[in-house]
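Open the model in a viewer and keep the selection panel at hand. The stops below say what to select and what is found there.

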Amino acid sequence: MRQLYLIFFLALSIQALTAQEIVVLDKNSNEPIVNVAIFNPDKSRATATNIDGKADISRFRAEEELIFKHMSHKELQISKRDILAGNNKIFLEAEENLLEQVVLSAGRFEMQPGEIPQKIIGLTRDEVQLNAPQTSADLLESSGQVFVQKSQLGGGSPMIRGFATNRLLITVDGVRMNTAIFRSGNLQNIISVDPLAVEKTEVILGPGSVVYGSDAVGGVMNFHTLKPSFKKGNNNFSGTAYSRYATANNEKTIHGDVNYSTEKWAFVTGITYSDFDDLRMGANGPDDYLREEYIVRENGNDVTKKNEDSRLQKFTGYNQVNLLQKIRHIPHDDWDLSLGLIYSETSDFPRYDRLTQKREGQFRSVEWYYGPQKWFMGNFKINKTGHGSLYDKAQLTAAYQFFEESRNNRGFGETRLYSGTENVDAYSLNLDFEKDFKESQFFYGGEYVFNLVNSTASVQDILSEEVQSDATRYPDASTWQSLAAYASYQWKITTDLSFQSGVRYNHIFSKADFINSGYDFPFEKANLNTGALTGNAGINWKQNRFFRWKFNLSTAFRAPNIDDIGKVFDSEPGAVVVPNPDLKPEYAYNAELGLDWTPSQNLRFSATGYYSLLEDALVRRDFSLNGETEIEYQGEPSRVQAIQNTAKARVYGLEAGAEYNISVALRFSSHFNFTKGEENDNGKKSPLRHAAPVFGNAHLTWHKNRIKLDLFTEYNGKFEYEDLAVSERGKPHLYALDKNGNPYSPSWYTLNFTGQYEFNKNWLATIALENISNQRYRTYSSGIAAAGRNLILAVRYGF
C-alpha cells in the first residue's frame with residue numbers, strides 16, 4: 001500500500017511540473033520565441049525560453065507577477081495564476097519601433113528574415129546610442145562586419161566582401177544615393193547620412209542588383225531615417241535631445257528631434273550639429289604615422305613648421321550640420337502618404353593623406369581640401385494596400401537629390417590654387433508592387449533614374465587674386481540615365497523551407513560632350529547605350545531546431561558612369577586619368593552558403609562562405625592619348641591612364657559569428673571576417689585592392705535593470721608588402737615601413753569599454769573609453785591614423 005501511495009505522489013509531482021512548462025509564441029506568426037527573459041519584479045527569480053520557446057516557471061510563486069522581456073517584442077507583465085489558467089501559452093506582440101522581425105532591404109516591402117537566402121545585418125537606433133559613432137561610416141564599422149577606410153577625418157569608405165566605392169550601393173529611405181560621379185577611388189558621401197537620425201540600418205552582404213540595379217555588386221547599405229509616428233492617447237508630442245563630447249578630437253555634437261501627431265497627420269523634425277577638431281592618434285605604434293611637420297604660409301612664403309605635438313594630426317578638423325523634416329498623412333486605412341526632406345552640409349575638410357605626401361623630401365601640397373559637401377534629398381511616397389487582382393501592396397517613390405562637392409589644391413611653392421566644383425541633379429521614380437498568394441509572394445516593379453552632371457573649374461593666382469577658367473573634371477552637362485524592370489518570387493514551400501528567385505533588366509544611356517573640355521581628345525562625344533540582365537535564386541532551409549541553411553546564387557553588374565567615361569583627374573602623383581568612351585558594364589557572379597547552428601538554447605554559431613567572380617572589370621590602367629603616354633597636367637608631367645575593361649577578379653571569403661547567452665544578464669558575441677581577392681589583368685595576377693585583411697570584434701555585454709555595460713575589442717590583421725595591391729605599394733605615405741623600407745599594413749587591436757545608465761524613462765547617460773591601451777594604428781589603406789585613447793560622454797533626454 002505504501003508503494004502505491006509513493007507512485008501516486010510521484011505521478012502528481014510530475015504532472016504538476018509538466019503543467020508549469022509554458023510556451024512563448026509570436027502573436028502574429030505563432031512561431032516560438034527563443035531567449036525570452038522571464039523574471040519577477042525584483043528579479044530574485046528568473047528563467048528564459050529555450051529554442052522551442054518553452055520555459056519552466058515552477059520556481060515562481062503562484063501569486064507572483066511575471067515579466068516577459070525580449071529585444072524585438074513588447075514587454076508583458078502577467079500573473080503566474082493567469083498563465084496557468086490560459087493553457088500555458090503566452091503571446092508576445094512584435095515591437096513596432098524595433099524592426100528585427102522584418103527585413104526591408106531584400107525587397108522593397110517587408111519580408112521575414114527566416115525566408116530570405118541572403119545575409120543581411122541590422123543596426124538599430126539603440127545600438128547607435130550605445131556605440132556613439134561620429135558618422136554613419138563609424139556606425140557601419142561598429143557592426144564588425146563592414147570594413148571602413150578613411151583618407152581624412154571627414155571620410156569613411158566602406159568595403160564589403162572585397163568590393164568598395166562604386167561597386168557598393170547606398171540607399172536612404174529606399175532612394176539610391178549613388179550618382180553618375182561615384183568613383184572607384186575612396187568615397188566619403190556616406191558621412192552625409194546623420195547616424196542620429198537613422199531609425200534602422202540594414203546591410204545586404206553580397207549582390208543586390210535584382211532589386212537595386214547598377215553598383216550593387218558587393219553589397220547594399222540601406223539607411224532608414226526617422227519616420228513620423230502616430231501616438232495614442234493625449235500625448236501628441238514626443239522627441240529626443242542628445243549631446244555628446246569626445247576627447248580624441250574634441251568632438252561636440254548636439255541633436256534634437258520632435259514628433260507631433262494628430263489622428264491622421266504626423267510630423268517629425270530633426271537637427272544635428274557636430275564640430276570636430278584635429279584628431280589625436282595613439283601613443284603606442286609605428287612612428288611612421290606621426291605628424292612631425294606641416295606647412296603654413298607666412299609672409300608670402302610656404303614654410304615648413306615643426307609640429308610640437310606629433311600625435312596631433314594637424315588640419316583634420318571640420319564641422320557638419322544635418323536637417324530632417326518629414327510629414328506623413330493617412331487619409332484612409334488603405335493609403336499612407338509621406339514627404340521627406342533631408343539636408344546635409346559640411347565645412348571645408350582637408351584631405352589629410354595628400355597633405356602628408358612628399359616628393360624629394362618636401363611636401364607636395366600646401367593646400368588640399370574638399371569644399372563643403374552638400375546633399376539635399378526630397379522624396380514623396382505613396383503606399384496603397386488592398387486586395388486587387390494585380391497587387392495587394394503598391395508603393396510609388398518619387399525623389400530629387402542635389403549633390404555638390406569640390407576639390408581645391410595648391411602645390412608647395414606654387415601660387416596657383418586649382419579648384420573644381422561638381423553638381424549633380426538626380427531624379428528617380430520607383431513603382432513597386434507586392435501580390436500575396438496562399439504560400440507565396442510576387443514582387444515586381446520598375447525604376448527610372450536621371451542624373452545631370454555640371455562641372456566647373458578655375459585657377460586662382462593667390463598673389464594677384466586673378467581667376468581664370470580651367471579644364472573641368474567632367475564634361476559639363478553630361479547625363480546618365482537608367483531604365484529598369486524587375487520581378488521577384490518568394491515561395492514558402494513548407495514551414496521550414498523557402499525559395500526566392502528574381503530577375504531584372506536594366507538599360508543604361510549616358511551622354512558626354514568633350515568639345516569644350518579644354519583638352520585635345522581624339523573624340524568629341526562619348527555616348528553609352530547598353531543593357532544588363534541580372535538574376536538570383538536561393539533557398540532558406542530550417543533543417544531542424546539545430547541547423548538552418550542558406551544558399552544563394554546571384555549575378556550583379558555595374559554600368560559605366562560619367563566618372564568612368566569622362567573624367568580627367570590626378571589619380572596619384574605623376575599620373576593623370578583621361579576619358580575612355582569605349583566601355584561596357586562589368587558583371588559579377590556570386591555563390592554563397594550560410595549555416596546557423598544552435599546547439600543549445602543559449603548558444604548560436606553562424607558562418608557564411610562566398611565566392612565572387614568579376615568579369616570585364618573596370619580598372620585604371622596605362623593608356624595612350626593621341627599616341628602620347630605622357631601629358632602635362634596642372635603643370636606636372638603625368639603618365640596617361642584610363643578606365644578600361646581589361647581585368648578579371650575573384651573574391652572568396654568567410655564570415656563567422658558566435659553568440660552565447662551566459663545568463664539572463666550576461667552575453668558574449670563575436671564576428672570574424674576573412675577575405676581574399678585577386679585581380680587578373682591579361683595573365684598578370686595581383687592582390688585585389690579592396691579585399692580587406694582579417695578583421696572583426698568581440699563583445700561581452702551585461703544588461704540588468706537600468707545598467708548596460710559592454711567590454712569589447714576590435715582588431716585588424718596584417719598585410720605584408722607582398723599582400724598589398726600593386727597600386728597600394730606606391731603609396732608609402734599611407735603605411736608603416738618594414739625593415740626593407742617597403743610599405744606594409746601592421747595588425748592592430750583595441751580594447752574598449754562602454755557603460756549606460758537609465759536614470760528613468762526620460763534620461764539616459766552613456767560613458768565610453770575607447771582604445772584603452774592607446775594604440776597608434778591605421779585601418780588598412782587609410783591615410784589618417786585612428787583615434788588614440790578616447791573618452792566619450794553622452795546624455796539623452798526623451799519625452
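Start by selecting L751, which sits in strand β50; helices (H or I, at least four residues) and strands (E, at least two) are DSSP runs, numbered from the N terminus. L751 is partly exposed, at a relative accessible area of 37%. On this scale buried means under 20% relative accessible area, exposed over 50%, and partly exposed in between (1.4 Å probe, protein chains only).

Before moving on, note that this is a predicted model, in which local features need pLDDT of at least 70 and side-chain atom pairs count only at pLDDT 80 or more, while totals for chains, interfaces and linings use all residues. Residues are numbered from 1 along each chain as its sequence is written, and side-chain values use heavy atoms, with hydrogens and water left out.

**The surface patch**

Extend the selection to Y660, I662, F668, L700, L711, Y749, L751 and F753: together they make a nonpolar surface patch with about 660 Å² of accessible area. Patches are built from residues with over 30% relative accessible area and no salt bridge, with like charges joined within 9 Å and nonpolar side chains (Val, Leu, Ile, Met, Phe, Trp, Tyr) within 5 Å. The areas come from the Shrake-Rupley method with a 1.4 Å probe, and for residues only the protein chains shown count as cover. Strand β50 (residues 748-758) supplies the largest share of the patch, three residues.

**The nonpolar cores**

Next select I190, V203, M221 and F223, which touch the most other members of the largest nonpolar core, a set of 94 residues. The largest share of this core, six residues, comes from strand β43 (residues 636-661). A nonpolar core is a set of buried Ala, Val, Leu, Ile, Met, Phe, Trp, Tyr and Cys residues joined through side-chain atoms within 4.5 Å. Show what surrounds M221: beyond its neighbours within four places in sequence, M221 is in contact (heavy atoms within 4.5 Å) with L140, P158, I160, L168, L169, I170, T171, I190, E202 and V203. A second, separate core has 13 residues, among them I33, V36, I57 and L92.

**A five-stranded sheet**

Now colour β8, β14, β15, β12 and β13. They form an open sheet in the order β8-β14-β15-β12-β13, with mixed pairing. Two strands pair if DSSP finds at least two bridges between them. At the edges are β8 (119-124) and β13 (175-176), each of which pairs on one side only. Inside the sheet, β12 (residues 168-172) and β15 (residues 219-225) run parallel and are joined by five bridges. To see one position of this pairing, select V172, which stands opposite F223 in β15.

**β40, β41 and β43**

Move to β40 (residues 586-600) and β41 (residues 603-622), which run antiparallel and are joined by twelve bridges. The hairpin between β40 and β41 passes through two residues. Select Y589 to find its bridge partner in β41, L613. β41 also pairs with β43, in the antiparallel sense, over 18 bridges; here V619 stands opposite Q644 in β43.

**Two buried polar residues**

Y589 is also a contact of the next stop, S554. S554 lies in strand β37 (residues 547-558) and counts as buried at 7% relative accessibility. Not counting residues up to four places away in sequence, S554 touches P207, G535, N536, A588, Y589 and N590.

Then go to N379 in strand β29 (residues 374-385). N379 is buried, with a relative accessible area of 4%. Its contacts, leaving aside neighbours within four places in sequence, are D173, V175, S338, L339, G340, A398 and A399.

**Salt bridges**

A salt bridge is a side-chain nitrogen of Lys or Arg within 4 Å of a carboxyl oxygen of Asp or Glu, and by this rule the count comes to 49. Which residue does E679 meet in a salt bridge? The partner is R621, with the closest N and O atoms 2.3 Å apart. E679 lies in strand β44 (residues 666-681) and R621 in strand β41, so the pair ties together parts that are 58 residues apart in sequence. E679 is buried at 14% relative accessible area, whereas R621 is partly exposed at 23%.

Select R297 and D302 for another salt bridge, at 2.9 Å from N to O. R297 counts as partly exposed at 33% and D302 as buried at 12%. For a pair with both residues buried, select E728 and K731, whose closest N and O atoms are 2.9 Å apart. End at R45, R61, E63 and E64, which are joined into one network by salt bridges that share partners.
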